[in-house]
Amino acid sequence: MTVTAEKQESTLVTKQGTTTIADTVVQKIAGLAAREVRGVHDLGGGTARALSAIRDRIPGASASVGQGVSVEVGEKQAAVDLQVLVEYGVAIAELARSVRRNVITAIEQMTGLQVVEVNINVTDVHIPGDDEETTVSDRVQ
């Protein structure tokens with residue numbers, strides 16, 4: 001019995017050609033999928049969130065969907081790193097499982113890539129009232 005060593009076909013690499021998916025595509029999918037999970041307040045570290053808050057105040061500027069998301073994309077596989085700001089009171093281990101499952105499902109269904117890992121770095125806990133602006137007094141000086 002002889003075994004032939006054929007190149008294994010996937011949904012992205014076929015006999016008819018190759019489909020390449022840009023890192024930014026996977027980054028956006030992962031960012032949107034992570035934000036869909038209840039208990040995720042935002043993505044990104046403190047600096048990225050501060051820059052996003054400034055960008056939100058500029059008319060016509062749009063928030064970066066890929067903020068807080070790093071990806072490595074190969075021909076058939078992808079790996080994702082997320083920086084997550086969670087809501088206070090949420091069970092972080094369960095939240096991480098839900099985020100990981102949602103991100104993997106979204107990327108695999110939309111791109112055909114196999115997600116080999118989703119690393120989640122919880123950077124902070126959002127406490128309600130933390131992001132409210134202080135009111136300025138209207139008193140005449």
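In the predicted model, the buried residues of helix α3 are Leu-95, Ala-96, Ser-98, Val-99, Val-103, Ala-106, Ile-107 and Thr-111. These residues lie on the same side of α3, because the arc they cover around the axis is only 165°. On the other side of the helix, Arg-101 and Gln-109 are exposed. The elements that cover the buried residues of α3 include α1 (23-35) and the strands β3 (40-43), β5 (77-87) and β6 (114-126).

Helix α3 comprises 20 residues, 92-111. At 1.5 Å a residue, a span of 28 Å is expected for this helix, and the distance of 28 Å between its end C-alpha atoms therefore agrees with the expectation. The helix is followed by Gly-112, which has a positive phi, near 85°.

Among the buried residues of α3, Thr-111 was examined in further detail. Thr-111 has a relative accessible area of 7% and is classed as buried because this value falls under the 20% cut-off. The side chain of Thr-111 takes part in polar contacts with backbone atoms on both sides of this residue in sequence. A polar atom of this side chain lies 2.5 Å from the backbone oxygen of Ile-107, and the backbone nitrogen of Leu-113 is found 3.0 Å from a polar atom of the Thr-111 side chain. When residues up to four places away in sequence are not counted, Thr-111 touches Leu-12, Ile-21 and Ile-29.

Terms used:
Residues numbered from 1 in each chain as written. Predicted model: local features only at pLDDT ≥ 70, side-chain atom pairs only at ≥ 80, totals over all residues. Heavy atoms only, no water. Helix = DSSP H or I, 4+ residues; strand = E, 2+ residues; numbered from the N terminus. Expected span 1.5 Å × (residues − 1). Buried < 20%, exposed > 50% of the residue type's maximum accessible area, 1.4 Å probe, protein only. Arc of directions from axis to C-beta. Contact = heavy atoms within 4.5 Å. Polar contact = N/O pair within 3.5 Å; in protein donor to acceptor, adjacent residues only side chain to side chain.
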